[in-house]
Amino acid sequence: MELRISLPLLASIGPLIFALWVTVGVAGAAASGRGRVSILGSGSSFIYPQMSAWIPEFTRMNPDVVVNYNPTGSGTGQKQFFAHLVDFAASDPPLTRDAWLRHRGRVIQMPVVLGAVVVTYNLPGGEGLRLDGRALALMYKGRLRYWDDPLMRELNPGVELPHREIVAVHRSDSSGTTNVFTFFLHKAAPDEWPTDLVGKSVEWPVDSKGNGVGAKGNQGVTQVIMSTPYSIGYVELSYALENGLPMAKIRNADGQFVLPSQESIREAARNSFPLMPRSPLDDYSLDLDALVYAPGGKSYPITSFVHLILWTRYEPGKAEALRRFIRFVNTEGQGMIVRGYAPIPEEIRAVNLKAAGLIKP
Amino acid sequence: MGSGKGAAWSRWSLMPKVDRGFFLSLLPFAAVIFAVFALLAYVLVEESWPAIARFGISLFTENVWRPSERGVEFVRYGLLAPLYGTLITSVLAAALALPLSLSTVFFIEEMAPRRIRDAFSSIIDLMAGLPTIIYGLWGLEVMIPFLRRWVMEPLHLHLGFLPTFSCDPMSGASFLAAGLLLAIMIIPYMHGVIKEAYRQIPRTYREAALSLGATRYEYFRIMTSLIRPAVVAALLLGLGRAASETVAVALVVGNAFNVSPCLLAPGYTISSLIANQFTEASFFPLMENVMFAGSLVLLIIGMVFSGVGVIMMRRVRRIYGR
């Protein structure tokens with residue numbers, strides 16, 4: 001059977017779509033209005049749901065400001081920020097020490113929200129799993145191959161562990177989630193997980209053993225785990241909550257097994273505070289080191305920050321708008337944290353609020 | 001060659017003035033397409049050069065994936081696993097798709113009633129046009145669980161002594177799953193090529209075979225032998241398409257840097273590697289260049305495959321063409 005498409009029809013659809021596009025564009029430009037300050041941000045896709053909750057509320061309280069946020073990924077966000085394509089960036093990792101030194105005194109950083117990486121699993125007949133960094137490191141090295149390994153039995157007395165091979169699921173794309181997870185493995189089990197294996201994209205030793213599976217994005221990892229019995233993996237807390245995945249209790253630096261929750265995440269941030277910078281102008285490059293595997297019996301050990309990155313100098317209108325945005329994010333904003341994230345503790349908010357005084361026209 | 005050139009020249013000189021103008025007005029468009037391709041090849045070579053210069057031949061013979069944001073001296077790449085995976089999955093796909101396409105062509109063209117024949121034909125045409133992500137999601141959600149339960153586990157249980165089935169099919173995402181999904185995706189293309197050649201077999205040949213009292217099966221064998229070059233062409237075009245598929249494969253191949261003879265184990269392909277890593281690759285020294293090097297290999301393989309395929313098709317047309 002031949003499919004007949006009339007050429008004139010096709011030719012007339014093209015301009016029609018173009019006209020529609022132009023109309024929508026013009027209408028959109030008109031709606032955005034004049035005399036209003038427009039702030040543009042980009043970066044972390046992890047913080048996007050939270051930003052989407054903050055921005056409408058902020059613009060409702062400040063009708064003269066328009067905020068746009070583009071979730072391009074942390075790395076791209078930082079790039080665009082330094083190229084002055086955007087006014088602020090949101091980034092999971094803070095600036096590296098080198099980058100901070102290059103822009104020292106002109107760049108402001110602040111952690112604005114907390115997230116957590118949870119270890120989730122698909123273990124038919126087993127629940128309430130307890131794990132530590134060493135067991136996880138050995139799994140992702142392919143050296144702990146069976147669920148009923150003696151190490152697993154020791155960690156999980158009373159849990160029925162089958163003699164089945166463990167499928168270790170990890171991210172196949174480069175990701176801040178992987179960075180936090182591998183950093184935790186390194187801090188909790190430095191002998192098993194060397195620094196070479198820490199980063200946004202790493203060479204997973206388990207892959208060459210045939211027991212590793214990579215999937216793209218939190219969604220991809222979630223999907224593989226849900227459809228694969230006897231698998232284990234790591235995802236952002238919000239994905240585990242959204243999909244009702246079981247979450248493992250993880251042994252923290254004080255030897256306690258802790259479930260991820262707003263309280264245990266905030267507790268980790270509170271206990272990391274002694275090592276945190278005291279001014280938004282300081283070097284934040286080691287804040288993940290302070291937060292991951294933080295001390296304290298109630299701290300969840302695989303916790304991370306998302307940072308805002310700003311300049312100290314803006315044109316007058318923008319400076320005022322950004323000052324207000326910073327105040328909002330660190331006050332009212334912390335009261336409207338969406339599911340899967342945690343508000344930052346009071347101590348850190350107090351440091352962040354100093355930034356409002358540092359931004360000048 | 002000389003006569004060809006002369007023919008072209010006499011065509012030009014005999015052309016009415018209007019047609020000469022028409023010819024010249026078309027020339028830039030044809031040239032643009034060729035230029036785009038040349039530029040593409042040039043960019044691939046230029047971009048992959050830093051990686052090839054740094055790692056040499058080991059870029060294609062070692063299985064290492066050690067990215068680092070700290071600096072160029074910390075990184076190390078070897079594309080053996082994705083190259084191996086690309087080869088295995090596309091060969092598997094073409095090998096599975098070929099008998100299926102051949103028998104479908106014969107069934108549709110010779111044995112099916114007209115109404116069924118039309119329905120079948122349009123379904124297969126439709127399959128070619130489906131977005132590949134749909135195949136990928138279907139593969140992930142439907143095919144893999146089914147395959148693991150009813151194909152992979154029995155294969156491992158009963159034929160586990162063979163190296164190809166020696167490993168436990170754990171997640172189901174594997175070379176086999178990718179190969180099968182690719183086979184389904186390339187069937188419409190292979191079917192199309194074979195069908196075109198099949199319909200060109202002169203009626204006299206068919207009548208001759210049938211008048212000699214050939215059975216349906218014998219008839220099938222004679223007809224297939226008549227279109228052998230088209231079958232080879234279909235195979236090569238299918239291989240080329242399978243090697244270049246990205247999204248769908250990324251969902252079902254397992255994305256693990258693994259070189260294993262076992263088809264039930266997860267692996268990687270060049271295209272799925274690019275689909276997974278390219279967005280953030282610029283933050284890792286040399287990673288982009290390594291991916292360009294991988295694409296260059298794909299381009300070369302693809303050019304060889306479709307080149308041979310086109311030559312085969314031409315031969316078919318020369319034998320049976322009108």
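B:Phe120 is found in helix H5 of chain B, and this residue of a predicted model offers a convenient place to begin. With 16 C-beta neighbours inside 10 Å, B:Phe120 counts as partly exposed, because that number falls between the 12 or fewer of an exposed residue and the 20 or more of a buried one. If residues up to four places away in sequence are not counted, B:Phe120 touches B:Ile108 and B:Ala112. B:Ser271, by comparison, lies 151 residues from B:Phe120 in sequence and 31 Å from it in space, C-alpha to C-alpha.

The helix that holds B:Phe120, H5 of chain B, leads on to the interface between the chains, where 35 residues of chain B are in contact with 26 residues of chain A. On the chain B side, the elements that give two or more residues are strand S1 (63-66), helix H5 (114-129), helix H6 (132-159) and helix H12 (270-277). The largest share of that side, four residues, comes from S1(B). By residue class, the side of chain B that touches chain A divides into 17 nonpolar, 13 polar and five charged residues.

From the interface we can turn to the interior. The largest nonpolar core has 183 residues, of which B:Ile186, B:Met190, B:Ile194, B:Ala230 and B:Val252 touch the most other members. Helix H7 (residues 175-200) of chain B gives this core its largest share, 17 residues. For B:Ala230, once its neighbours within four places in sequence are left aside, the contacts are B:Val193, B:Ile194, B:Ala197, B:Met312, B:Met313 and B:Val316, and B:Ile194 is itself among the core residues that touch the most other members.

Chain A, the partner across the interface, has 13 helices and 11 strands, and its C-alpha trace spans about 75 × 70 × 35 Å along its principal axes. Of the 361 residues of chain A, 48% count as buried. Among contacts in this chain between residues at least 6 apart in sequence, 75% join residues at least 24 apart.

One of the features of chain A that can be followed strand by strand is an open sheet of three strands, in the order S5-S9-S10 and with mixed pairing. Strand S5 (130-131) and strand S10 (257-258) of chain A stand at the edges, each with a single partner strand, so one side of each has no neighbour in the sheet. S5(A) pairs in the parallel sense with strand S9 (residues 249-251) of chain A, over two bridges, and A:Arg130 stands opposite A:Lys249 in S9(A).

Terms used: Residues are numbered from 1 along each chain as its sequence is written. Chains are lettered from A and ligands numbered from 1 in the order in which they are written. This is a predicted model: local features need pLDDT of at least 70, side-chain atom pairs count only at pLDDT 80 or more; totals for chains, interfaces and linings use all residues. Two residues are in contact if their C-beta atoms, placed from the backbone, lie within 7 Å. Ala, Val, Leu, Ile, Met, Phe, Trp, Tyr, Cys and Pro count as nonpolar, Asp, Glu, Lys and Arg as charged, and the others, Gly among them, as polar. Two strands pair if DSSP finds at least two bridges between them. A nonpolar core is a set of buried Ala, Val, Leu, Ile, Met, Phe, Trp, Tyr and Cys residues joined through C-beta atoms within 7 Å.
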